[in-house]
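Visitor: Please take one part of this model and look at it closely, starting from the pairing of strands. Then work outward from there, with the cut-offs stated.

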Amino acid sequence: MKLTQRLFVGIVASLLVLQLWIVAPIAHAQEVDKPNLESGAAILVEAQTGKVLYEKDADAVRGIASMTKMMTEYLLLENIHEGKLSWDDTYEPSDYAYKISQNLSLSNVPLAKGEKYTLRELFEAMSMYSANGASIAIAEKIAGNETNFVKMMNEKAQELGMKDAKFVNATGLSNSDLQGMHPKGTKASDENLVSARSTAKLASHLITDYPEVLETSKLKEKTFHKGKNGETQMKSWNWMLPGLVYEYEKAEVDGLKTGSTDFAGYCFTGTAEKDGARYITVVMDAKDHGQESYEARFSETAKLLDYAFDNFEVKTLHPAGYTLKEKVKVAKGNEKEAKVTTKEPLKVVVEKGKNAKKAVEKEVVVNEKKLNNDGKLIAPIKKGEEVGYINVKYKDDQFGYLITDGDDQSGVPIVMKEDIDKANWFSLMFRSIGDFFADMWTSAANMVKGWF
């Protein structure tokens with residue numbers, strides 16, 4: 001080969017190597033390796049947007065053990081917020097709650113007959129220490145008995161979009177552990193059954209509707225019934241909390257609920273927040289190299305959180321009060337179109353380094369109940385009135401959203417930017433005449449166009 005030929009080949013080869021050296025890292029940066037989980041089911045959700053980032057058999061209905069207690073928490077917090085109960089209300093143990101609380105092979109704080117406990121005490125014992133007797137106590141305080149409470153649990157599950165949920169008790173224990181005192185209408189062999197997706201829905205509603213639950217779930221230790229009969233030192237079963245043995249170092253874990261039974265295996269619903277992003281994780285029947293393991297639910301959760309915090313970020317497309325380019329049509333108003341603004345910040349979760357605006361498509365949707373037959377809002381309409389929502393859809397989307405029922409699962413409400421008054425009869429008359437002739441002209445133009 002001549003010198004000039006060898007030189008030419010060398011230059012070409014060098015350029016190819018340089019190209020590979022430059023392109024390979026870029027291509028590699030675009031590839032996000034999904035976690036390889038050892039669990040029966042799992043799901044990862046960004047809490048603010050409801051965007052699902054990972055799932056594994058998320059719709060398979062499985063045992064959820066003490067993650068059940070999140071529903072008991074929800075119903076208690078709902079009753080507190082509605083003023084039906086207060087944190088200082090007291091409860092005296094029934095025979096049922098007392099007997100279950102004495103079984104220390106289960107997670108429990110022993111309740112004493114004739115002793116009175118505040119709902120605050122019982123809530124803390126249930127939430128951070130997974131106390132089963134305390135859970136039954138709360139159910140009885142709310143509904144009179146656990147049978148009635150289970151009915152409330154299942155009704156609330158349907159309301160929250162947990163279509164596959166079946167609750168048979170307030171604790172998450174196997175009914176066979178309830179010493180023959182399981183709720184009426186259920187069998188001794190029954191178990192609480194919920195999918196990972198529905199469990200994540202429950203967690204999402206819980207921390208969104210009653211964020212104060214995190215103030216309790218993040219407690220590492222607490223003295224139950226301090227200075228009184230039955231005082232008990234409680235330590236959280238959530239070992240991912242700061243300072244505990246499986247502390248998660250990339251963000252602060254502050255919830256939410258562990259669970260384990262022979263039927264369900266080791267489970268955990270976790271949540272952590274950092275840099276404006278909060279993630280919810282659910283792992284069910286977690287294993288370590290194929291073996292049942294108490295610790296596996298935390299190591300599996302860490303895999304999900306690593307995947308979330310390492311690869312994704314939450315970005316704001318529009319701040320609250322942003323005036324959208326899209327306008328809404330108005331009937332019988334002094335204006336034919338009206339401007340709308342975002343009621344809340346419109347956020348999306350995208351892979352780090354990606355342009356958020358290019359990753360999604362937006363759609364303005366007006367509440368059908370507010371529209372006439374022509375698809376227009378009917379004047380008068382007040383400034384600040386909520387008239388619909390702005391939705392976002394990811395262009396490259398594998399998993400969709402956690403909440404799929406209803407209209408606003410992926411967006412934020414939109415409100416009127418200004419008052420739109422009803423036009424007077426004179427204006428409406430001339431507008432009708434104008435519209436009539438405009439329609440005639442359009443019809444005529446279309447007819448002529450058809451001739452040619």
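Guide: Thr-342 has Ile-414, in strand E20, as its bridge partner. This is a predicted model, in which local features need pLDDT of at least 70 and side-chain atom pairs count only at pLDDT 80 or more, while totals for chains, interfaces and linings use all residues. Residues are numbered from 1 along each chain as its sequence is written, and side-chain values use heavy atoms, with hydrogens and water left out.

Strand E15 (residues 337-342) and strand E20 (residues 411-416) run antiparallel and are joined by three bridges. Helices (H or I, at least four residues) and strands (E, at least two) are DSSP runs, numbered from the N terminus; two strands pair if DSSP finds at least two bridges between them. E15 and E20 belong to an open sheet of six strands with mixed pairing, in the order E17-E19-E20-E15-E14-E18. Its edges are strand E17 (360-366) and strand E18 (377-378), each of which pairs on one side only.

The loops around these strands carry salt bridges. The term means a side-chain nitrogen of Lys or Arg within 4 Å of a carboxyl oxygen of Asp or Glu. Glu-385 and Lys-370 form one, with their closest N and O atoms 3.1 Å apart. Glu-385 is in the loop between E18 and E19 and Lys-370 is in the loop between E17 and E18, so this salt bridge ties together parts 15 residues apart in sequence. Both ends are partly exposed: Glu-385 has 27% relative accessibility and Lys-370 has a relative accessible area of 28%. On this scale, buried means under 20% relative accessible area, exposed over 50%, and partly exposed in between (1.4 Å probe, protein chains only).

A second salt bridge joins Asp-397 to Lys-51, with 2.8 Å between the closest N and O atoms. Asp-397 sits in the loop between strand E19 (386-394) and E20, and Lys-51 in the loop between strand E1 (39-46) and strand E2 (52-56); the two residues are 346 residues apart and link distant parts of the chain. Asp-397 is partly exposed at 31%, whereas Lys-51 is buried at 5%.

Outside the sheet, Lys-156 and Glu-78 form another salt bridge, with the closest N and O atoms 2.6 Å apart. This pair also links distant parts of the chain, Lys-156 in helix H6 (residues 146-159) and Glu-78 in helix H2 (residues 69-81), 78 residues apart. Lys-156 counts as buried at 7% relative accessibility, and Glu-78 is buried as well, at 14%. A network of salt bridges links Arg-62, Asp-285, Lys-287 and Glu-292. The whole structure holds 20 salt bridges.

Lys-156 also appears among the contacts (heavy atoms within 4.5 Å) of Met-71. Leaving aside neighbours within four places in sequence, Met-71 is in contact with Met-153, Lys-156, Ala-157, Leu-160, Met-162, Phe-167 and Leu-202. Apart from the largest nonpolar core lies another core, of 52 residues, which includes Leu-44, Leu-53, Tyr-248 and Phe-309. A nonpolar core is a set of buried Ala, Val, Leu, Ile, Met, Phe, Trp, Tyr and Cys residues joined through side-chain atoms within 4.5 Å. The largest has 73 residues, of which Ile-43, Met-71, Leu-76, Leu-122, Met-162 and Phe-167 touch the most other members.

Two polar residues complete the local picture. Ser-130 lies in the loop between helix H4 (119-129) and helix H5 (132-143) and is buried at 5% relative accessibility. Its side chain makes a polar contact of 2.9 Å with the side chain of Lys-257. A polar contact is a pair of N or O atoms within 3.5 Å; within protein, one must be able to donate a hydrogen and the other to accept it, and residues adjacent in sequence count only if both atoms are side-chain atoms. Not counting residues up to four places away in sequence, Ser-130 touches Ser-66, Lys-69, Ser-107, Ala-125, Trp-237 and Lys-257. Gln-233, in strand E8 (residues 232-235), has a side-chain polar contact of 2.7 Å with Thr-223. The C-alpha atoms of these two residues, 10 residues apart along the chain, are separated by 4.6 Å.

For the chain as a whole, there are 11 helices and 20 strands, and buried residues make up 47% of the 452 residues. Among contacts between residues at least 6 apart in sequence, 68% join residues at least 24 apart.
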